[in-house]
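Subject: Structure for you to look at

Hello,

Here is the structure I said I would pass on. Please open it first, then read the notes below it.

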Amino acid sequence: YAEALSCYNAILALRPEEKDAYFLRGNVRMELMDYSGAKEDFDKTISMEPANYDRIIEIYECMEHFGMGDDGKKYLQQALERKEKHMTAYNVGRMYYYLGEYQQAYLALEEAKDKGGAESYLYLGKAYEATGDYNYAASVYNGYLNKYGENASVYNQLGLCEMKKKDYAKALEAFQKGKLLTDNEVLQSLSFNEIVAYEYLSEYKEALRLLEQYIKNYPDDETAKRERQFLSTR
């Protein structure tokens, strides 16, 4: 991290308007426990792009990861207070979601869901999940699939929601449908979640068979290796 910090310092000395470098240097400073330096970089990043809501959320998630979620939430609150004219209901909903204000989140996301595509539905469903309303959350995901067609990320979240409802057969079906789709950015997650669903269905032999293949595909997954030790005793 010290070497990375040196590189970002050099980049910014040459190109002081390089927005990504400020953000990435902030991440490095968090790793180095230079929290005041990280905050300076994050403040600078947001001042350069106050309407980059994806970046604001990334900053919050970084700070949350390092146990500074309350400080990270201040950036979300500031974005809502500024609330530029072009701030969409989707972005308003996302800010409220990460603030933990789920009722405000799903009110905004209900308005946004038919304009923001799959991501709007995913955030909307997760907001309902956070309140414990898994049945309605599942209906949100199914509503997207029925209206717009198949989507791997939506299938994955639907499966996780069904797991929370303890309907493991429906969860398994969702994960398997998601796995069939090409250009799948969540294939690893779907594959692991399929294994977990088989475990809950007490189909340990099939779960172990799939887990062996999973570990071949993703050999760096330490959680999967621990899971194999568990399954081998079933």
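Is Tyr 148 buried, partly exposed or exposed? Tyr 148 counts as partly exposed, because its relative accessibility is 40% and that class runs between the 20% and 50% cut-offs. Its partner Tyr 144 has a relative accessible area of 10%, so Tyr 144 is buried. Please keep in mind that this is a predicted model.

Those two tyrosines belong together for another reason. Tyr 144 and Tyr 148 form an aromatic pair, with 5.0 Å from centre to centre and 35° between the planes, which counts as tilted. Both residues sit in helix H9 (residues 134-148), where they are 4 residues apart, about one turn of the helix.

Other rings

The structure has 15 aromatic pairs. Ring pairs also join Tyr 60, Tyr 90, Tyr 97, Tyr 98, Tyr 102 and Tyr 123 into a cluster. One member of that cluster, Tyr 123, has Lys 126 over its face, at 5.1 Å from the ring centre. A similar arrangement involves Phe 23: Arg 55 lies over the face of that ring, at 4.0 Å from the ring centre.

The overall build

The protein has 14 helices and 0 strands, so if you go looking for a sheet, the count of strands is 0 by the assignment used. The C-alpha atoms fill a box of roughly 55 × 45 × 30 Å along the principal axes. Of the 234 residues, 44% are buried. The accessible surface comes to about 12,900 Å², and carbon and sulfur atoms account for 47% of that area. Among contacts between residues at least 6 apart in sequence, 42% join residues at least 24 apart.

The cores

In soluble globular proteins, nonpolar side chains tend to be buried together. Here the largest nonpolar core holds 49 residues, and Phe 42, Ile 56, Leu 76 and Met 95 touch the most other members. Helix H6 (residues 89-99) gives the most to this core, with 8 residues. A second, separate core has 21 residues, including Tyr 168, Leu 190, Ile 195 and Ala 224.

What does Ile 56 touch, not counting residues up to four places away in sequence? Ile 56 touches Ile 46, Pro 50, Tyr 75, Leu 76, Ala 79, Arg 82 and Met 95. Two residues on that list, Leu 76 and Met 95, are also named with Ile 56 as touching the most other members of the largest core.

Regards

Conventions. Residues numbered from 1 in each chain as written. Predicted model: local features only at pLDDT ≥ 70, side-chain atom pairs only at ≥ 80, totals over all residues. Heavy atoms only, no water. Phe/Tyr/Trp six-rings, centres within 6.5 Å; stacked < 30°, edge-to-face > 60°. Helix = DSSP H or I, 4+ residues; strand = E, 2+ residues; numbered from the N terminus. Buried < 20%, exposed > 50% of the residue type's maximum accessible area, 1.4 Å probe, protein only. Lys NZ or Arg CZ within 6 Å of the ring centre and 35° of its normal. Core = buried A, V, L, I, M, F, W, Y, C linked by side-chain atoms within 4.5 Å. Contact = heavy atoms within 4.5 Å. Areas by Shrake-Rupley, 256 points an atom, 1.4 Å probe, with all protein chains shown as cover.
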